[in-house]
Amino acid sequence: MNITLVSLDNWGLNTHIASTLEKQGHTVKHIDFNVFKYKYPSVVHKAYNFILKAFFKTNLKHLHYGKEIIKQLQKNNEVQDVILTIKGDFIDPESILEFKKYTKKSIGFFNDNTYRCPKIKRVLHCFDEVYSFEKEDCSKFDLKFAPNWIYNKNASVNTEKTFDYDVFNISSIDKRLPILERIASELKSKEINFKFIIYDKKHKQTDDTITYINKHMPLSEVNDYINRSKVLLDINRIGQIGLTFRVFESLGLEKKLITTNADIKNYDFYNPNNILIIDEKNPVIPVDFFKNDYEKIPDAILNKYTLNGWVDNVIFKK
């Protein structure tokens with residue numbers, strides 16, 4: 001099949017979808033519109049864009065992305081069997097509708113939700129099929145459910161059972177910071193070693209508990225930290241129960257997980273020995289959680305969450 005992947009791949013995660021499809025024998029083109037940088041031609045354009053966003057729900061940057069993506073689609077020698085778009089809410093609806101000229105089927109996938117990103121609702125009608133990792137959105141908007149995926153199952157695993165950190169988390173600055181600080185305080189009080197990193201363009205280092213960075217960390221470096229850590233920490237955003245990539249990193253590398261997302265207990269891979277659900281307002285983390293080894297998840301369950309299982313569900317499911 002001829003498949004085009006269109007995505008805002010700011011973390012490099014979606015390249016794994018393209019490589020998985022290529023390994024299956026498909027002809028794949030990945031259009032990463034994160035590289036199509038937009039610069040305001042003048043201060044007037046910046047002010048104009050403010051008006052467009054405030055009153056017309058339009059964004060010059062999104063229009064720019066759409067135009068550049070269509071230029072790339074026009075270079076395809078033949079009509080695609082599938083165009084899969086990830087984070088289509090960063091593209092104007094008219095451009096997404098135009099994608100259909102270049103494909104037999106246009107599919108959208110969202111791993112944000114409409115509570116946090118209401119602009120998703122503007123583009124849902126533009127696709128032939130839409131998948132979301134958020135169960136509530138699937139129910140509310142009649143979408144198909146697909147979680148995120150394991151991208152690191154075949155990555156190098158720390159087999160020495162020695163780790164630099166007991167707990168690791170990396171995330172962007174947002175309203176979860178106070179929760180992270182409470183968890184850091186809990187871990188510190190119990191002398192549990194941890195490494196927490198926050199990406200924030202403006203924040204300066206203020207304490208020795210959390211490390212702040214002002215540039216995106218490459219995925220390879222993130223994976224190095226993960227490999228050097230015994231347990232991963234996941235904090236879901238307010239209003240979101242869709243599972244983050246931290247969950248699937250822990251599954252792929254057979255690492256224990258601490259999470260504030262109580263909905264994880266409704267998934268078939270949930271095992272209280274491997275996954276500790278904590279209260280974000282009063283996080284209690286027993287030291288005993290670190291003592292028992294990870295219990296392996298049966299392959300019949302785990303395979304559904306690999307990239308092969310994911311593309312079978314989203315792209316090839318009939």
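Select T244 first, in this predicted model, and show what surrounds it: T244 touches N148 and D234, leaving aside residues up to four places away in sequence. Now zoom in on the pair T244 and D234. Their side chains make a polar contact, at 2.6 Å. To find your bearings along the chain, colour the loop between β10 (229-234) and α8, because that loop is where T244 is found. Is T244 buried or exposed? T244 has a relative accessibility of 17%, so it counts as buried, the cut-off being under 20%.

Next stop: α8. Select residues 245-252 to see this helix, then pick out L251. Which residues does L251 touch, not counting those up to four places away in sequence? Show I150, F269, Y294, I297 and L302, and you have the answer.

Now widen the view to the core around this spot. L251 and F269 have the most contacts inside the largest nonpolar core, which has 26 residues. To see which elements give two or more residues to this core, colour β7 (165-172), β8 (194-199), α7 (219-227) and α8 (245-252).

Stay with L251 for the cavity. The structure holds one cavity of 30 Å³ or more, and about 50 Å³ of space lies in the largest cavity. Select its lining: V247, S250, L251, K255, K256, L257, F269, N274, I275 and Y294. You have met some of these names already: L251 touches both F269 and Y294. Which element gives the most to this lining? Look at α8, with three residues. Then add β11 (256-259) to your selection, since both α8 and β11 supply at least two residues of the lining.

For the last stop, move to helix α6 and select residues 177-189. Try your viewer's distance tool on the C-alpha atoms at the two ends: they are 18 Å apart. Why does that agree with what a helix should span? At 1.5 Å a residue, the 13 residues of α6 should span 18 Å, because the expected span is 1.5 Å times one less than the number of residues.

Show the side chains of L177, I179, L180, I183, A184, E186 and L187, the buried residues of α6. What do these buried residues pack against? Turn on β7, β8, β9 (210-213) and β10 to see their partners. β7 and β8 also give residues to the largest nonpolar core. Finish just after α6, at E191, which takes a positive phi of about 55 degrees.

Technical notes: Residues are numbered from 1 along each chain as its sequence is written. This is a predicted model: local features need pLDDT of at least 70, side-chain atom pairs count only at pLDDT 80 or more; totals for chains, interfaces and linings use all residues. Side-chain values use heavy atoms; hydrogens and water are left out. A nonpolar core is a set of buried Ala, Val, Leu, Ile, Met, Phe, Trp, Tyr and Cys residues joined through side-chain atoms within 4.5 Å. Buried means under 20% relative accessible area, exposed over 50%, partly exposed in between (1.4 Å probe, protein chains only). Helices (H or I, at least four residues) and strands (E, at least two) are DSSP runs, numbered from the N terminus. Contact means heavy atoms within 4.5 Å. A polar contact is a pair of N or O atoms within 3.5 Å; within protein, one must be able to donate a hydrogen and the other to accept it, and residues adjacent in sequence count only if both atoms are side-chain atoms. On a 1 Å grid over the protein atoms alone, a cavity is a set of points where a 1.4 Å probe fits but cannot get out, and a pocket is an open set with protein on both sides within 12 Å along at least five of seven lines; lining residues have an atom within 4 Å of a point. Grid points are joined across faces, edges and corners, and a volume is the space filled by probe spheres set on the points.
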